[in-house]
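Please walk through this protein with me, one region at a time. Keep the sequence and the model side by side.

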Amino acid sequence: MPVKLLTLGLSLLLITSCFYPQQEVIIIEKSTNLQNIKKINKKINIWSMPVESNISKTFSIKNKHLGLTFNTNTGKNVRTIRNGEVVYAGDKIKNHGKMIIIRHPFGFYSSYTQNKTLMVKNGDSVTKGQIIAITGNVPFYFEMKKFQQTINPLKYLK
């Protein structure tokens with residue numbers, strides 16, 4: 001008898017819990033303090049190209065070309081692909097000329113190399129589309145990483 005009552009009690013508990021409204025789960029993304037990130041307007045997630053120019057060489061792990069090379073002329077504006085914080089701006093990394101590295105939300109990093117003029121410095125907050133550099137006479141090179149893993153920028157850029 002006690003087993004039947006216990007089974008009946010559990011069954012009723014399971015059935016009645018289906019009729020009560022479920023409590024909404026709130027998701028907070030710590031790096032941007034955004035709540036309910038799955039409900040955010042999709043326009044926030046659109047990333048843009050760093051320069052207005054044709055791509056002369058695309059991402060290829062096989063050819064060890066881990067970014068995009070753009071066919072640029074001297075004097076083109078270089079823009080951020082998304083909001084973030086400048087974690088490096090300088091010319092101390094060999095073979096990259098004047099370079100900028102930006103940390104974006106969700107573990108993304110973008111690097112902008114072979115620039116003539118840098119318009120930001122370490123620690124600056126930048127917004128999507130902000131001019132951060134001017135291209136030089138060497139083709140502009142762009143790279144993206146997710147945490148420490150190099151990724152194909154064309155999967156994210158529009």
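Start at Glu-52, which sits in the loop between strand E2 (34-35) and strand E3 (55-57). This is a predicted model. Is Glu-52 buried or exposed? Its relative accessibility is 69%, so Glu-52 counts as exposed. Now look along the chain to Phe-70. Glu-52 and Phe-70 are 18 residues apart in sequence, and their C-alpha atoms are separated by 8.8 Å.

Step back to the overall layout. The protein has one helix and twelve strands. Along the sequence the pattern is α-β-β-β-β-β-β-β-β-β-β-β-β. The protein has 158 residues, and 34% of them are buried. About 10,900 Å² is exposed, with carbon and sulfur atoms supplying 57% of that area. Take the contacts between residues at least 6 apart in sequence: 56% of these join residues at least 24 apart.

Next, turn to the interior. The largest nonpolar core holds 20 residues. Ile-100, Tyr-112, Ile-132, Phe-142 and Met-144 have the most contacts inside this core. Which strands each supply at least two of the core residues? They are E4 (68-70), E7 (98-103), E8 (108-118), E10 (131-135) and E11 (140-146). E11 gives the most, with three residues. Follow Met-144 outward from there. Leaving aside neighbours within four places in sequence, Met-144 is in contact with residues including Trp-47, Ile-81, Phe-108, Tyr-109 and Ser-110. Further along the chain, its partners include Gln-149, Thr-150, Ile-151, Pro-153, Tyr-156 and Leu-157.

Strand pairing comes next. Strand E6 (residues 84-90) runs antiparallel to strand E9 (residues 125-126), and two bridges join them. Here Gly-84 stands opposite Val-126 in E9. E6 also runs antiparallel to E7, with five bridges joining these two strands. In that pairing, Val-86 stands opposite Ile-102 in E7. In a regular strand, side chains alternate between the two faces of the sheet.

Now look for charge pairs. Side chains of opposite charge can pair when their charged atoms come close. The structure holds two salt bridges. One of them joins Glu-85 and Arg-103, with the closest N and O atoms 3.0 Å apart. Why does this pair tie together separate parts of the chain? Glu-85 lies in strand E6 and Arg-103 in strand E7, so the pair links parts that are 18 residues apart in sequence. Glu-85 has a relative accessibility of 31%, so it counts as partly exposed. Arg-103, at 34%, also counts as partly exposed. In another salt bridge, the side chains of Lys-121 and Asp-124 meet at 3.2 Å, N to O. Lys-121 is exposed, because its relative accessible area is 55%.

Finish at His-104, in the loop between E7 and E8. Is His-104 buried or exposed? Its relative accessibility is 4%, so His-104 counts as buried. What does its side chain reach at 2.8 Å? The partner is the backbone oxygen of Asn-83. A polar contact of 2.6 Å also joins the side chains of His-104 and Ser-110. Not counting residues up to four places away in sequence, His-104 touches Ile-81, Arg-82, Asn-83, Gly-84, Tyr-109, Ser-110 and Tyr-112. Two of these names have come up before: Gly-84 stands opposite Val-126, and Tyr-112 is listed among the core residues with the most contacts.

Terms used:
Residues numbered from 1 in each chain as written. Predicted model: local features only at pLDDT ≥ 70, side-chain atom pairs only at ≥ 80, totals over all residues. Heavy atoms only, no water. Core = buried A, V, L, I, M, F, W, Y, C linked by side-chain atoms within 4.5 Å. Buried < 20%, exposed > 50% of the residue type's maximum accessible area, 1.4 Å probe, protein only. Helix = DSSP H or I, 4+ residues; strand = E, 2+ residues; numbered from the N terminus. Contact = heavy atoms within 4.5 Å. Areas by Shrake-Rupley, 256 points an atom, 1.4 Å probe, with all protein chains shown as cover. Pairing = 2+ DSSP bridges. Salt bridge = Lys/Arg side-chain N within 4 Å of Asp/Glu carboxyl O. Polar contact = N/O pair within 3.5 Å; in protein donor to acceptor, adjacent residues only side chain to side chain.
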